[in-house]
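This report covers salt bridges, sheet order, helix packing and backbone angles, in that order.

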Amino acid sequence: MPSKIDYYGKFRERHFLTFPTLETKRFLLLKCDKNYERNFEELLSDEEINKYTGTEVVNAKEECNIYLEHIDEEYKNKTALNWVIIDKEKCEFTGEIRLYSIDLYSNRCELGYTIVKKNWRKRIATECILRVLNFAFNELYMNKVSALIDMHNIASKRLIKLLGFAEEGILREHYYSFKRKAYITVEVWSMIKKDNEFYTKTLKI
């Protein structure tokens, strides 16, 4: 008898033919493309936003173009889905959220997000992460979603724990930061579908 993943595999494939638009109470999650080039230049230029992301920018415009081309290539290869977060009321770019390192064999992926600084502490990440988790587990049929977080990023660790992720371990000195002149240790947090139904019980957006 085919597994659920085998049976529903054709349904999740459609998301790599037509990009999935998602919606929450306050936001639209739309395909990330060159229409938002200026917004991403601003994100990449903000050192405070990128303090814990591992992103080190020399030329924001040039690196923005490279990033957007990379996003497009990942989507074509079925290894990532990147959304821009648009405020429905203000029609305003608010940040990005992504599922990447998608493994359609082992049914796992990683979660990342960036919120425009003026919109911090407005529960935007919470609302959008919950929607993307619902999509990951129930439409992409992922079994596991992981988040790799700089060990000093207290706010992100607090949020991801609140949302039901479990701390899985650490990757010691995982990458080098030129600006911080140090190797950065990251913590691995994860949510496994069978162990945690928080995303379905809490999704009221």
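R108 and D103 form a salt bridge, with 3.5 Å between the closest N and O atoms; the term requires a side-chain nitrogen of Lys or Arg within 4 Å of a carboxyl oxygen of Asp or Glu. R108 is partly exposed at 43% relative accessibility, and D103 is partly exposed at 21%. Here buried means under 20% relative accessible area, exposed means over 50%, and partly exposed lies in between, with a 1.4 Å probe and protein chains only.

The model is predicted: local features need pLDDT of at least 70, side-chain atom pairs count only at pLDDT 80 or more, and totals for chains, interfaces and linings use all residues. Residues are numbered from 1 along each chain as its sequence is written, and side-chain values use heavy atoms, with hydrogens and water left out.

**Salt bridges**

Side chains of opposite charge can pair when their charged atoms come close. The count by the rule above is 12 salt bridges. Three of them are listed here, including the pair already described.

| Pair | Closest N and O atoms |
|---|---|
| R108 and D103 | 3.5 Å |
| E74 and R98 | 2.8 Å |
| E187 and K157 | 3.0 Å |

In the pair of E74 and R98, E74 belongs to helix α3 and R98 to strand β4, so the contact ties together parts that are 24 residues apart in sequence. Helices (H or I, at least four residues) and strands (E, at least two) are DSSP runs, numbered from the N terminus. E74 is buried, with a relative accessible area of 12%, and R98 is buried as well, at 13%.

The salt bridge of E187 and K157 joins strand β8, which holds E187, to helix α5, which holds K157, so it ties together parts that are 30 residues apart in sequence. E187 is buried at 9% relative accessible area, and K157 counts as buried at 14%. Elsewhere, R14, R131 and E139 are joined into one network by salt bridges that share partners.

**Sheet and helices**

Strands of a sheet pair through backbone hydrogen bonds, either parallel or antiparallel. In this model, 8 strands form an open sheet with mixed pairing, in the order β1-β2-β3-β4-β5-β6-β8-β7. Its edge strands, β1 (22–23) and β7 (166–177), each pair on one side only; pairing requires that DSSP finds at least two bridges between two strands. Strands β6 (residues 144–150) and β8 (residues 182–192) run antiparallel and are joined by 7 bridges. One bridge partner in β8 is M191, which faces V145 in the pairing.

Helix α2 (residues 37–45) packs on the sheet and touches β3 (80–87), β4 (92–103) and β5 (108–115), where contact means heavy atoms within 4.5 Å. The direction of α2 makes about 80 degrees with that of β4. Axes are lines fitted to C-alpha atoms, for helices over the stretch in contact, and angles run from 0 to 180 degrees between N-to-C directions. Helix α5 (residues 154–162) lies across β5, β6 and β8 and runs at about 160 degrees to β6.

**Positive phi angles**

Most residues other than glycine have a negative phi. K78, which is not a glycine, has a positive phi of about 60 degrees. K78 lies in the loop between α3 (60–76) and β3 and is partly exposed, with a relative accessible area of 31%. Y141 also has a positive phi, near 60 degrees. Y141 lies in the loop between α4 (124–138) and β6, and is buried at 14% relative accessible area.
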